[in-house]
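Student: I am new to this structure and would like a close look at a single part of it. Please start there and then place it in the rest of the chain.

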Amino acid sequence: MFTFACITLSILASRGDIATSYWSFDEIENGVIEESIMGLDAQVHGAELQQGALHGGLFFDGEDDYAAIESMGLAAKTIGSLAEGTISTWFRFDHSPESMDIETIFYLGAMQDFSSYGTSANCYELEIGHFSAQRRLYWTNISTQEETTAIPLCWSTTDHLQVGQWYHIVSTTSSMGTHIYLNNVELFDPGNCTWQFGDETMRRFLGDVLQQEAVWFGKGLWNNEEQFFEGVIDEFTIWNRALTPEEVTTEYERVASVGALTIHEDIPYEIQITADSLVLHGALDNIVKIKWQIAGGAWSSQPNISLESTWDLTIVEPVPAGRHEIRVVGQNAANRTFADTRILIQPDLDADGTIDVHDLLLMIGAWGECDCIEDLTGDGRVSIADILLLISAWG
Ligand SMILES: [Ca+2]
Ligand SMILES: [Ca+2]
Ligand SMILES: [Ca+2]
């Protein structure tokens with residue numbers, strides 16, 4: 001426990017050296033999410049903690065949940081004054097936007113002023129959806145001066161993203177222009193990125209937002225109304241300079257490399273099947289999905305949204321006769337996998353639900369050297385050792 005605390009502190013300290021603002025979303029305290037570098041704490045409105053991309057993440061229900069930075073004065077002086085910089089976040093959206101529907105991840109801009117298009121009058125907005133864009137990811141700067149609305153900068157992914165999947169997005173801006181990375185892969189136009197307005201030589205950042213009244217996570221303005229995000233947002237970070245491609249990789253790996261899953265040591269290496277279901281348990285760290293596979297067959301899976309460090313599974317899939325490996329795999333938000341295995345021994349050789357003389361006769365029929373299901377001990381032959389295993393499960 002002590003070691004864990006030290007490691008966490010050292011990560012935070014080194015993070016403060018490089019980032020400008022960082023919301024880990026690891027904890028909600030008295031209704032507030034802490035921003036650990038500038039003090040840009042965010043008031044949480046309904047959103048709840050879940051397993052995120054790196055430990056805690058903030059889950060928004062898509063109805064009315066959001067988080068808002070408390071001090072807009074401080075926000076305007078810090079992130080709101082940046083002429084260049086980098087934005088990085090992990091997200092998973094759980095709802096596919098319909099026409100004129102968006103899922104807003106991050107918003108800096110007007111609180112309730114709309115343009116004649118029904119968009120926010122002034123903002124920088126990172127969102128999925130955009131008029132009829134469906135599941136494309138957008139980063140848009142909207143600027144309204146004297147009733148005239150312009151879109152100085154707007155890029156989107158060319159492809160649709162997938163509901164329920166985790167993504168890492170980074171956008172870097174400097175005098176050299178704008179670079180976009182999705183899951184640590186740079187996007188280019190033409191190809192996997194489309195510049196709707198402006199182009200990759202542009203330098204526009206948060207400091208270009210004319211009306212800085214709110215910073216929201218999970219809420220934005222669109223179609224003349226407030227729009228709420230359904231899904232999880234995590235590890236939101238802002239830098240005051242453009243990260244290099246190597247630094248983008250480091251930021252990706254900071255999250256993508258973390259994960260663990262083990263089957264508890266009190267569960268024997270060889271498990272004799274005695275009932276219809278099999279219960280396994282163990283420890284995990286930073287896992288968003290648990291998958292399992294018996295004898296190289298079809299995978300089963302279930303999401304892990306709990307922040308507990310333990311897991312348990314009741315496996316109801318039938319275990320085929322003989323000796324087979326079960327693989328239990330934890331997958332993190334970057335789809336990295338962490339696996340542990342056990343051997344399952346199913347002595348019901350004829351699969352009729354009982355261990356009796358029929359199974360014994362099958363075993364005797366396979367007596368001697370063999371590569372067969374009757375070899376329950378896995379030593380390459382059917383012998384008295386296999387019979388003893390069968391008899392211990394009799395009935
Ligand atoms: Ca987190
Ligand atoms: Ca049987
Ligand atoms: Ca054997």
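Student: Which residues does C154 touch, not counting residues up to four places away in sequence?

Tutor: This is a predicted model, so everything below describes a prediction. Leaving out residues up to four places away in sequence, C154 touches Y138, T140, Q196, F197 and G198. C154 itself is part of strand β12, which covers residues 148-157. Is C154 buried, exposed or in between? A residue needs 20 or more other C-beta atoms within 10 Å to be buried, and 12 or fewer make it exposed. C154 has 18 C-beta neighbours inside 10 Å, so it counts as partly exposed. Another residue to locate from here is I142: it is 12 residues from C154 in sequence, and the C-alpha atoms of the two are 8.5 Å apart in space.

Next comes the sheet around this strand. β12 belongs to an open sheet of 10 strands with antiparallel pairing, in the order β2-β3-β4-β7-β17-β9-β10-β11-β12-β16. In that order, β12 stands between β11 and β16. The edge strands are β2 (28-29) and β16 (193-197), each of which pairs on one side only. At the β2 end, the partner is strand β3 (residues 32-33), and these two pair in the antiparallel sense over 2 bridges. I28 has I33 in β3 as its bridge partner.

The other edge strand, β16, is preceded by a loop that deserves a look. That loop runs between β15 (185-187) and β16, and P190 lies in it. The peptide bond from D189 to P190 is cis, with omega near 0 degrees. Most residues other than glycine have a negative phi, and most peptide bonds are trans.

Two residues depart from the first half of that rule. One is E235, whose phi is near 55 degrees, a positive value in a residue other than glycine. E235 lies in strand β20, and because 24 C-beta neighbours fall inside 10 Å, this residue counts as buried. The other is N286, which is not a glycine either but has a positive phi of about 60 degrees. N286 is found in the loop between β23 (278-285) and β24 (289-294). With 25 other C-beta atoms within 10 Å, N286 is buried.

The strand that holds E235 can be followed further. β20 spans residues 230-239, and 9 of its 10 residues are buried, so it is largely enclosed by the rest of the structure. Several strands pair with β20 in the antiparallel sense, and they can be taken one by one. Strand β1 (residues 21-23) does so over 3 bridges, with S21 opposite I238. Strand β6 (residues 56-61) pairs with β20 over 4 bridges, and here F60 has G231 as its bridge partner. For strand β8 (residues 85-93), the antiparallel pairing with β20 extends over 7 bridges. In that pairing, F91 stands opposite I233.

Now the view can widen to the domains. The domain assignment of the protein gives domain 1 as 2-256 and domain 2 as 260-392. Their C-alpha centres lie 44 Å apart. In the contact between them, domain 1 takes part with 11 residues and domain 2 with 9 residues. On the side of domain 1 that touches domain 2, β5 (48-51) and α3 (245-256) each supply at least two residues. The most comes from β5, which gives 3 residues to that side. By class, the residues on this side of domain 1 are 7 nonpolar, 4 polar and no charged.

One helix pair remains. Helix α4 (residues 357-365) packs with helix α5 (residues 384-392) at an angle of about 170 degrees, and their axes are 11 Å apart. The two helices are therefore roughly antiparallel to each other. Where they meet, α4 brings D359, L360 and M363, and α5 brings D386, I387 and L390. This contact has 4 nonpolar, no polar and 2 charged residues.

To return to the starting point, C154 sits in β12 and counts as partly exposed, with its 18 C-beta neighbours inside 10 Å. By contrast, E235 in β20 counts as buried.

How values were computed: Residues numbered from 1 in each chain as written. Chains lettered and ligands numbered in written order. Predicted model: local features only at pLDDT ≥ 70, side-chain atom pairs only at ≥ 80, totals over all residues. Axes fitted to C-alpha atoms, helices over the stretch in contact; angles between N-to-C directions. Parallel < 35°, antiparallel > 145°, perpendicular 65-115°, else oblique. Contact = placed C-beta atoms within 7 Å. Nonpolar A, V, L, I, M, F, W, Y, C, P; charged D, E, K, R; others polar. Domains from an automatic or database assignment. Pairing = 2+ DSSP bridges.
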